[in-house]
Amino acid sequence: MTRLKNPSSRSKWSFAALMTAVLFLIALVFILSLRFGATPVTFREIIDQFQAQSGTIVELRLPRVLCAMLVGIAASVAGAILQTVLRNPLASPDVIGATAGGGLVTVVIILLAPLTPAIWLPFYSMAGSATASLIIFLLAYRRQGTSMIRLALVGIAVSSALQAIIKMLIVKYAMSSSQALVWLKGSLYARSLQHVEMLWPWTAAGLLAAMLLVRYLNVLKLDESVLVSLGTRVRMVRTVLLIVALALSASSASISGNLSFVGLIIPHLSHKLVGENFIRSLPFTAALGALLVMLGDMIGRILIPPMEIPVGIITSLIGAPYFVYLIIKQGQKK
C-alpha cells in the first residue's frame, strides 16, 4: 500500500529549498558585487584588501553591498506589513506616500540644514513619512470605507506632488543639491560604513518586531467581524505594525532615496512562492528583497561602465509593469 506524503511536510521541504536557493544567490551576488564594478578586481585582491582592512573593496564596495542588502530587507518587509494591515495588495511605502514624504523632509534637511548629524535623518524621515501617509489616508477615506484603487491613486497623486516639491528645491539650491539628487534617483552611490552603522539597527529592530508580531499579521488577514470575536485589539495592533512599517521604510529611504516598487512586488512574489503564512513568507520576503536590491545595484554598476545606472531606475523598470498588472487584476475582481 502506497503511503500518501504529508502536504505540510512537503511544504516545509519546499520552503527550505527555496530559502536555501535565495540565500545562495544572495551570497553569490554579494561576492560578484565585490569583484565587479567600474574596475574589476581579482579574488586575490579582495582577500588582500580584507586582510589589510583598506582599499576600494573594503571602503567603497563592501558598505554599498551591505546597504543594498539592508535597504532591500527593510523596504520589502515594510511593504508586506502595509499590504496586510491596510488590506490593500497595492499598498507599499512609495505608493502610499511614505517614501516621498520621508524623502521631502530628508532633502529639506540636506539642503537647508547640512550640518545636521546623519544619525538623525531616519527620525526626520519617519516624521515626514507618517505625515504624508496620514494625508493620503484622509483624502482617500469615505464613510463607506476606503477603496483600494482610490487609495493607490490618491497615493500616486500626493507622491507626485511631493516629488515635484523635491525637484523644485533641488533646482533652487542647485549648487548644493548633489546629495539630494542622489536621493531623488534612488542610488547607493558613495555609501560608507557610516551609512551601514546608521541603517542596520533600524532594519534589525524592525525585522525583529515584525517577526514577534507575525501571528497578528496572520490574524489580520481574517474578516473584521472574526477579529472582533477573537478579542484581538485590532486598532492597537494595526497602529504598532504601521509604526514598524513606517520606521523601516523611512530609515531605508533616508539611505537609498526613492527606491521604487521593492515594497510592492516582493511581498506578492513571496506569497506566490511560499504561501501566505507569515511565519514563512516574512523571512522569505526579507531575503528576496535583499536579493533584488543587491542584484539591481550590481547590474546598474556593471551594465555601461564607467557610468552607472541608479538602482532606483532598475527596480522601477521591473516594478512598473507589475504594478499595472496588479491594478488591472484588482479591477477585474471588482
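# Reading helix packing and burial in an all-helix model

Author: Of the 334 residues of the protein, 49% count as buried. The model is a predicted one.

Reader: How many helices and strands does the secondary structure comprise?

Author: The secondary structure comes to 14 helices and 0 strands. Read along the sequence, the pattern is accordingly α-α-α-α-α-α-α-α-α-α-α-α-α-α.

Reader: What share of the contacts between residues at least 6 apart in sequence joins residues at least 24 apart?

Author: That share is 75% in this protein.

Reader: By what quantities are two packed helices described?

Author: Two packed helices are described by the angle between their axes and the distance between the axes. Consider helix α4, residues 98–112, and helix α5, residues 121–140: they pack at an angle of about 135 degrees, with their axes 7 Å apart. The two helices are therefore oblique to each other. In addition, α4 passes α5 in a right-handed crossing.

Reader: Which residues of α4 and α5 meet?

Author: From α4 the participants are Ala 98, Gly 101, Gly 102, Val 105, Thr 106 and Ile 109. From α5 they are Leu 121, Tyr 124, Ser 125, Gly 128, Ser 129, Ala 132 and Ser 133. By class, the contact of α4 with α5 has 6 nonpolar, 7 polar and no charged residues.

Reader: Is Ser 129 of that contact buried or exposed, and why?

Author: Ser 129 lies in helix α5. Its relative accessibility is 0%, and it therefore counts as buried, the cut-off being under 20%. Not counting residues up to four places away in sequence, Ser 129 touches Ala 98, Gly 101, Gly 102, Leu 246 and Ala 250.

Reader: Which residues does Ile 136 touch, beyond those up to four places away in sequence?

Author: Ile 136 is also placed in helix α5. It touches Ile 96, Gly 97, Leu 151, Val 154, Gly 155 and Val 158. With a relative accessible area of 0%, Ile 136 is buried. As for distance, Ile 136 and Ala 152 are 16 residues apart in sequence and 9.2 Å apart in space, C-alpha to C-alpha.

Reader: How does the description by angle and distance apply to helix α2 and α3?

Author: The axes of α2, residues 43–52, and α3 come within 8 Å and cross at roughly 100 degrees. That angle makes α2 roughly perpendicular to α3. The contact is made by Ile 46, Gln 49 and Phe 50 of α2, together with Thr 56, Ile 57, Val 58 and Leu 62 of α3. These residues divide into 5 nonpolar, 2 polar and no charged.

Reader: Where is Ser 92 placed, and which residues is Ser 92 in contact with, leaving aside its neighbours within four places in sequence?

Author: Ser 92 is in the loop between α3, residues 56–85, and α4. Its contacts are with Leu 82, Gly 263 and Leu 264. At 0% relative accessibility, Ser 92 counts as buried.

Reader: What distance does helix α11 reach from its first C-alpha to its last, and what is expected at 1.5 Å a residue?

Author: Helix α11, residues 234–256, has 23 residues and reaches 32 Å, close to the 33 Å expected. It is mostly covered, for 17 of its 23 residues are buried.

Reader: What phi does Gly 257 take?

Author: Gly 257, just after α11, takes a positive phi of about 80 degrees.

Note on methods:
Residues numbered from 1 in each chain as written. Predicted model: local features only at pLDDT ≥ 70, side-chain atom pairs only at ≥ 80, totals over all residues. Heavy atoms only, no water. Axes fitted to C-alpha atoms, helices over the stretch in contact; angles between N-to-C directions. Helix = DSSP H or I, 4+ residues; strand = E, 2+ residues; numbered from the N terminus. Parallel < 35°, antiparallel > 145°, perpendicular 65-115°, else oblique. Left-handed = near helix turned anticlockwise from the far one by under 90°. Contact = heavy atoms within 4.5 Å. Nonpolar A, V, L, I, M, F, W, Y, C, P; charged D, E, K, R; others polar. Buried < 20%, exposed > 50% of the residue type's maximum accessible area, 1.4 Å probe, protein only. Expected span 1.5 Å × (residues − 1).
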